[in-house]
Amino acid sequence: MKNYLLLFAFCALNAVAQTSEPNLKWGKPTDEELKMTEYVGDKDADAVELCRMVNVNYDWVINDFRVFYRVKCRLKVLKPEGKDVGDQTISIRTSDNTTKHEIVGGLKATTYNLENGKVVKTKMESSMVHEEQLDKTTKLIKFSIPQVRVGSVIEYEYRVESDFYYDLRDWYAQKDIPVAYTKYELAVPDWFAFNLDQTGMVRLEHQENSGSMIIGDTHLNVQEDTFVGRNLPALKGDDYVWCAEDFGAKITHELKGIYVPGAVHKDYSATWEDIDNILLGDDEFGGRIKKSSPLKDEIQSAGIQLVSDTRERAAACWQLLKTKVKWNGDYAFWAKSGSKVLKEGTGSNADINFLYINMLHDAGLEAYPVVLRLRNHGRLPLSHASLKYLSTFVVAIQLNETTTAYMDASVEDGYFDVLPPRLLTEMARTIRKGKEGEWVNLLATAKSSETTVVQAALDDKGLISGIRMNNSVGESAANLRKKWRTAKDSVDVIHDMQERDEMEITQYKLEGRNDFAPSVRETVNFTKTCTTSGDLIYLNPLVFAPWQKNPFTTDTRDLPVEFPYSQRETYNVMLKLPEGWQVEEMPQPIVLKFDGITARIGVQQNGDMLQTQYKLDCSRTFFTQQQYQDLKNFLDKLIESTKQMITLKKKP
């Protein structure tokens, strides 16, 4: 009993420490923080952010404004998997304009560990800090905090000094680990007019106050906003969600204008039309669009420009390009010179896409970039435009006056309008010289369909022998190609198919695997054994269940469900029954519907032929977390329906 009371007291102490006001004394973690073994708000958490404070304010430096971001953070490592919080990254903006830049200063980090009852401090050395130029506009400051292990308390702090005072950073309250306490303080002089927008599923505490600052002899009023979050749950990624941060608590800022007394008021509210013009005027973007390809002579000598069918002409350009350069796996927005990419033989998708645009122009086709934000980076905000939100671009090809095809030239398995799912954003923007930019829904252009035909015969021993023919189109064709391309061994692919569908494959054929084409055709000769009992045979009339299991197993879900694209499946099964056998009871037709998804299953018998048809049409790709339970129930019913058995009985 005494041990139980001691344990209860320790747990209670932990609970008080984790729910009371945070420890705001830097360099002095408390005993409770050092001894904490789990976080009461999430006992499965690998680590917890105990306290994070971000202070943002303006100052007058060298005859201009500068904005200062001061960050302090304390974390606790609870499990071995949580040790990666010791590796941190700071992103800063760079610019060709040397008068505008960001710098990081005051970077310090310390690890606190309890060893034999004493607190041991380990400070980060400068050698543990590294810089990496990510692209033309972004530099990463990476640092690794030493001696991080289970039980460690970590503290780090730094400031960012930014000349981009007109474009404040977004602030994200939630992380991929729980946050016990976080505070965001923003002080803006009244010469600046910002719209602050709080979004997310968790609301933050918000207070507004007034302050002041002095610039020379001028006294400015300051608007002070403070946002506080307490006991915020971890914002963890989940299957079928692209970017969890889209749904987390955050503060975004849009500058409406700068209004200096006695001066002309200037409107700083950027539009996407402004971004269009900036990109078209940039030598490394708009300038690249106008250039000729280093492969122009090869295009002409191959006669590609003479191919009458525009789709075939565009395909010929791509096939030539793929013999010259391979994708390095990176998505980018800015690109290297075409000659350098060809010399190296590898490049990012931006490198390859610019080359492709130039080749298409040399072949007499109109082509232009369509800029976007990768789906796993978050949604592109329509309300406030900025280059910082753009991740990459794809190529639009004008095949005729009414038809535009979209292509990422780095793809290895795709086709026109068959893009990798992370590029299938609903908001992409065309960049065309002499024409206004337009919004394009790339997700709407994506289609995936599978049509399967099974022709087979069942003998009186319960053995099914037959052929399964599958035609995959669009995204499903790309998936099948990728499966074979990335497989270590073809034997493994065949083995997995046999295990999944409980069959024996006697012959396999795949047509169009390496073709640049919209479809792939798969032919499987198989045998499959049904369950038997005396004069009874138990048979799934579909022979192969389209769904093996429901991807959604939890009772609740914190985030919405985002399918990668719309999809359609069709199964047609024609099964010859053994002579002298009959269906004991014919199943009734099944129709299931749920908000953009429809499924139908029908079985009928004509003489000794059993005919079964299954159709699934999923035209919707987004479901809210409130719809999750209904979606899960729908899929449970669908899977149960595709696995229903019928009984064959031998005639007397």
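Reasoning from values to labels in a predicted model

Me: Where is Ser519 found in this predicted model?
Reply: Ser519 is found in strand S26, which covers residues 519-529, and the model that contains it is a predicted one.

Me: What makes Ser519 count as buried?
Reply: The relative accessibility of Ser519 is 15%, and buried means under 20%, so Ser519 counts as buried.

Me: Which residues does Ser519 touch, not counting residues up to four places away in sequence?
Reply: With that exclusion, Ser519 touches Asn471, Ser472, Val473, Ala477, Arg481 and Gly512. The C-alpha atom of Ser519 is also separated by 8.4 Å from that of Ser476, although the two residues are 43 residues apart along the chain.

Me: Where is Leu399, and what makes it buried?
Reply: Leu399 has its place in the loop between strand S19 (392-398) and strand S20 (404-407). Its relative accessible area is 8%, and the cut-off for buried is under 20%, so Leu399 is buried.

Me: With which residues is Leu399 in contact, leaving aside its neighbours within four places in sequence?
Reply: Leu399 is then in contact with Thr310, Arg311 and Ala405. Arg313 is 86 residues apart from Leu399 along the chain, and the C-alpha atoms of these two are separated by 9.6 Å.

Me: Why is helix H6 called oblique to helix H8?
Reply: The axes of H6 (residues 310-322) and H8 (residues 349-362) come within 10 Å and cross at roughly 135 degrees. That makes H6 oblique to H8, because roughly antiparallel would require an angle over 145 and roughly perpendicular one of 65 to 115. The crossing of H6 and H8 is right-handed.

Me: Which residues make the contact of H6 with H8, and how do they divide into nonpolar, polar and charged?
Reply: From H6 the contact is made by Ala314, Cys317, Trp318, Leu320 and Leu321, and from H8 by Ile352, Leu355, Tyr356, Met359 and Leu360. These residues of the contact divide into 10 nonpolar, no polar and no charged.

Me: How do you know that Cys51 is too far from the closest cysteine sulfur for a bond?
Reply: The closest cysteine sulfur to that of Cys51 belongs to Cys73 and is 7.8 Å away. A disulfide needs the two sulfur atoms within 2.5 Å, so this distance is too far for a bond. By this rule the count comes to 0 disulfides.

Me: What makes Cys51 and Cys618 buried?
Reply: Cys51 has a relative accessible area of 0%, while Cys618 is at 5% relative accessibility. Buried means under 20%, so Cys51 is buried and Cys618 counts as buried.

Me: What is the value of phi for Gln147, and why is Gln147 called partly exposed?
Reply: Phi of Gln147 is near 55 degrees, a positive value in a residue other than glycine. Most residues other than glycine have a negative phi. Gln147 is found in the loop between strand S7 (138-144) and strand S8 (153-162). Its relative accessible area is 46%, and partly exposed lies between the limits of 20% and 50%, so Gln147 is partly exposed.

Me: What is the value of phi for Asn231, and why is Asn231 called partly exposed?
Reply: Asn231 lies in strand S13 (residues 218-232), and its phi is near 50 degrees, a positive value in a residue other than glycine. With a relative accessible area of 39%, set against limits of 20% and 50%, Asn231 is therefore partly exposed.

Methods: Residues are numbered from 1 along each chain as its sequence is written. This is a predicted model: local features need pLDDT of at least 70, side-chain atom pairs count only at pLDDT 80 or more; totals for chains, interfaces and linings use all residues. Side-chain values use heavy atoms; hydrogens and water are left out. Axes are lines fitted to C-alpha atoms, for helices over the stretch in contact, and angles run from 0 to 180 degrees between N-to-C directions. Helices (H or I, at least four residues) and strands (E, at least two) are DSSP runs, numbered from the N terminus. Angles under 35 degrees count as roughly parallel, over 145 as roughly antiparallel, 65 to 115 as roughly perpendicular and the rest as oblique. A crossing is left-handed if the near helix is turned anticlockwise from the far one by less than a right angle, and right-handed if clockwise. Contact means heavy atoms within 4.5 Å. Ala, Val, Leu, Ile, Met, Phe, Trp, Tyr, Cys and Pro count as nonpolar, Asp, Glu, Lys and Arg as charged, and the others, Gly among them, as polar. Buried means under 20% relative accessible area, exposed over 50%, partly exposed in between (1.4 Å probe, protein chains only).
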